[in-house]
Amino acid sequence: MATPLEKWVDEQAKLTTPDRIYWCNGSEEEARRLVEIGIKEEKINGLPVFQKLNDKHWPNAYFHRSHPTDVARTEHLTFICHPDKETAGPNNNWMDPREAKEKMTKLFSGCMKGRTMYVLPYMMGHPKSPYAKACVQITDNSYVAVSMRLMTRMGKEALDRIGSSDDFVRGLHSIGDLNPDRRFIMHFPQEHLVWSFGSGYGGNALLGKKCFALRIASYLGLKEGWLAEHMLIMGIEDPKGKITYIAAALPSACGKTNLALMQSALPGYKIWTIGDDIAWLNIGPDGRLYAINPEAGFFGVAPGTSLKTNPQMIKTLKNDKFFPTLYTNTALDLDANEPWWNGLDGAIPKNIEDWQGNPWNPSMDTKAAHPNSRFTVSIYNCPSLSNEFDNPAGVPISAILLGGRRSSLVPLVMEAFNWQHGVFLGTRTGSETTAAAAHQVGVLRRDPMAMLPFCGYNMGDYFGHWLNIGKKLKQPPKIYSINWFRTDEDGKFIWPGFGENIRVIKWIIDRIGGKTGAKETPLGLVPELKDLDLSGLNIPQDKVKKLFAIDPSEWTAELQDIEKYFGQFGSHMPEAIWQEYRALAEKLGQSKSSKK
Ligand code: OXD
Ligand code: MN
């Protein structure tokens, strides 16, 4: 008798009518074969899926150029299909599941004719972890199949875990004809199912990542009592060898990857990387919060990555351990046949082809690499990978950092008074937008816990879920708001960021260890400036003060905006968060602005 998995694959094959069906085992030998197929046989937009690059400096490097309209997540084409709109919430596009299925069935009908259907069994999380989930994605694209080998634990262990059970997350993906009018990313949280059509872009097509590990998993977490978060996970080893684990939520392209692989500017401190994008947080047997990274690779933004900004990532990319490393929509140095992007170390090569294949030189006012061009590389290549990465139990989290990109208002670092206040800090986080999603760049959008594009249900309920988790924890992590992006009168960043961020993290670790005090402000607890290690940094005192400046008059518009934002969640918004809001307004002397 066919297993539920075999039956499901069979049904998808009947719908999509591929010429061939190939079950991937996730091996290196297989990845090499798929890459060859992508070079010689498969085409996207008339171009081979992969182009081999010179691996003298960039081992195992392959280039992929996507369709020019398919370079970022498409939030307006992403739907959460709960049976009712209310459960999806105002934070999501919603479609009735029946309507969505009907629409998508038409698109998927016969779409794999002439193509190979790849069946990818994979684990999100270590196969032995009680927190891991077994999944299967179907795709018709070798780039997606190879990328999933890098980003997940693919192969037999997932198949063994699924066995004859029905308990696996299903993802059906086809690049279709890449027509943006026929591009949809549909989530069916109740069925643990994703249907994605018409895009080959990572966040839309690698269904284990944003689609499952955040959107579907956040809903699973609500049902099962855990949190799926858009967070990095890292261990910080202090000069005495003690390692403290923290998780940090930052919206796309706000430096999560740089922070997760940070090389400390303070001697004696060392960073151990566990994840750069997604954390699953569970209450462990001892009542503490434990984090695993369900992924096994990095899908990082290339422009700006250099030995100066992220030396460990450059070393990761230059490591030949795990095959292959993919470069998507970067520019090419044609003489060297190597990837290139703006901000990379060294002289600008003479003979550059831009991400669309056109000749490029620095006098042009276009970017050579697409601002959202990416590398895809195994986490096992990373020299700062923590020994705990493969620990099925995860790591105990002592602090959660919540941040955004704010040029004013929000201090460099601030400790929440308690868990509930910390949740409030997360609910009102906002960020000036970047290029990771297809929308206007540079405007403020509120992005609670950096989860706005990724929460698979009503965010009002999500805030309530956070509050409940806090109540269940025996020793809840301390919560911090961080903001590396405050600017001076000339619009220049005050804080140097990158490896210097360890100075902020050191203060956080000292707070956790009870080694240092803090100053109370209306917004939260901030460092006494004497306790922030700024040794060797050349920032004038008045600028340092500006990093922490709180001007109540500047908060009028902000409070109104927060109130408006919260208001859209109606009765789903927890009263405890409104209480925090009112307390803040009162402390800032602006309680009249609160209508609630
Ligand atoms: C990502 C994103 O790719 O957040 O990680 O967009
Ligand atoms: Mn992300």
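Visitor: Which residues of helix H5 are buried?

Guide: In this predicted model, the buried residues of H5 are Ser-142, Tyr-143, Val-144, Ala-145, Val-146, Ser-147, Met-148, Arg-149, Leu-150 and Met-151.

Visitor: What makes helix H5 count as mostly covered?

Guide: The helix runs over residues 142-151, and 10 of its 10 residues are buried. To be called buried, a residue must have under 20% relative accessible area, and each of the residues just listed for H5 is in that class.

Visitor: Why is strand E11 called mostly covered?

Guide: The strand spans residues 169-174, and 6 of its 6 residues are buried. Val-169, Gly-171 and His-173 point one way from E11, while Arg-170, Leu-172 and Ser-174 point the other way, and all of them are buried. This two-way arrangement can be set beside a general rule. In a regular strand the side chains alternate between the two faces of the sheet.

Visitor: How do you know that E11 pairs with strand E9 and with strand E13?

Guide: Two strands count as paired if at least two bridges are found between them. Strand E9, residues 133-139, and E11 are joined in the parallel sense over 4 bridges, and E11 and strand E13, residues 193-197, are joined in the parallel sense over 5 bridges, so both pairs meet the requirement of at least two. Leu-172 gives you a place to look: Ile-138 stands opposite Leu-172 in E11, and Leu-172 stands opposite Trp-195 in E13.

Visitor: In the open sheet of 4 strands, what makes E14 and E27 the edge strands?

Guide: The order of this sheet is E14-E18-E19-E27, with antiparallel pairing. Strand E14 (227-229) and strand E27 (395-396) are called edge strands because each pairs on one side only. E14 and strand E18, residues 279-283, pair in the antiparallel sense over 3 bridges, and Ala-228 stands opposite Trp-280 in E18.

Visitor: Why is Asn-358 called partly exposed?

Guide: Asn-358 has a relative accessible area of 38%. Buried would require a value under 20% and exposed a value over 50%, and 38% fits neither, so Asn-358 is partly exposed. The residue is found in the loop between strand E24 (352-353) and strand E25 (359-360).

Visitor: What makes the phi angles of Asn-45 and Met-449 worth pointing out?

Guide: A general rule helps here. Most residues other than glycine have a negative phi. Asn-45, which is not a glycine, has a positive phi of about 55 degrees, and Met-449, also a residue other than glycine, has a positive phi near 50 degrees. Asn-45 lies in the loop between strand E2 (43-44) and strand E3 (47-48), whereas Met-449 has its place in the loop between strand E31 (444-446) and helix H12 (459-472).

Visitor: How do you know whether Asn-45 and Met-449 are buried or exposed?

Guide: Asn-45 has a relative accessible area of 48%, and because this value is neither under 20% nor over 50%, Asn-45 is partly exposed. Met-449 has 1% relative accessibility, which is under the 20% limit, and therefore counts as buried.

Visitor: What kind of peptide bond joins Phe-323 and Pro-324?

Guide: The bond is cis, with an omega of about -15 degrees. Again there is a general rule to set it against. Most peptide bonds are trans. Pro-324 is found in the loop between helix H10 (311-317) and strand E21 (325-328).

Visitor: How do you know that Arg-73, Asp-277 and Arg-374 have polar side-chain atoms close enough to ligand 1 for a polar contact?

Guide: A polar contact needs a pair of N or O atoms within 3.5 Å. An oxygen atom of ligand 1 is 3.0 Å from an N or O atom in the side chain of Arg-73, and the value for the side chain of Arg-374 is 3.0 Å. A polar side-chain atom of Asp-277 lies 3.2 Å from an oxygen atom of ligand 1. These distances are within the limit, so each pair qualifies.

Visitor: What makes up the lining of the largest pocket?

Guide: By class, the lining has 19 nonpolar, 16 polar and 10 charged residues. The pocket has a volume of about 1,000 Å³, and among its 45 lining residues Ala-253, Cys-254, Gly-255, Asn-258 and Arg-405 lie nearest its centre. The largest share from an element, 4 residues, comes from H9.

Definitions and conventions:
Residues are numbered from 1 along each chain as its sequence is written. Chains are lettered from A and ligands numbered from 1 in the order in which they are written. This is a predicted model: local features need pLDDT of at least 70, side-chain atom pairs count only at pLDDT 80 or more; totals for chains, interfaces and linings use all residues. Side-chain values use heavy atoms; hydrogens and water are left out. Buried means under 20% relative accessible area, exposed over 50%, partly exposed in between (1.4 Å probe, protein chains only). Helices (H or I, at least four residues) and strands (E, at least two) are DSSP runs, numbered from the N terminus. On a 1 Å grid over the protein atoms alone, a cavity is a set of points where a 1.4 Å probe fits but cannot get out, and a pocket is an open set with protein on both sides within 12 Å along at least five of seven lines; lining residues have an atom within 4 Å of a point. Grid points are joined across faces, edges and corners, and a volume is the space filled by probe spheres set on the points. Ala, Val, Leu, Ile, Met, Phe, Trp, Tyr, Cys and Pro count as nonpolar, Asp, Glu, Lys and Arg as charged, and the others, Gly among them, as polar. A polar contact is a pair of N or O atoms within 3.5 Å; within protein, one must be able to donate a hydrogen and the other to accept it, and residues adjacent in sequence count only if both atoms are side-chain atoms.
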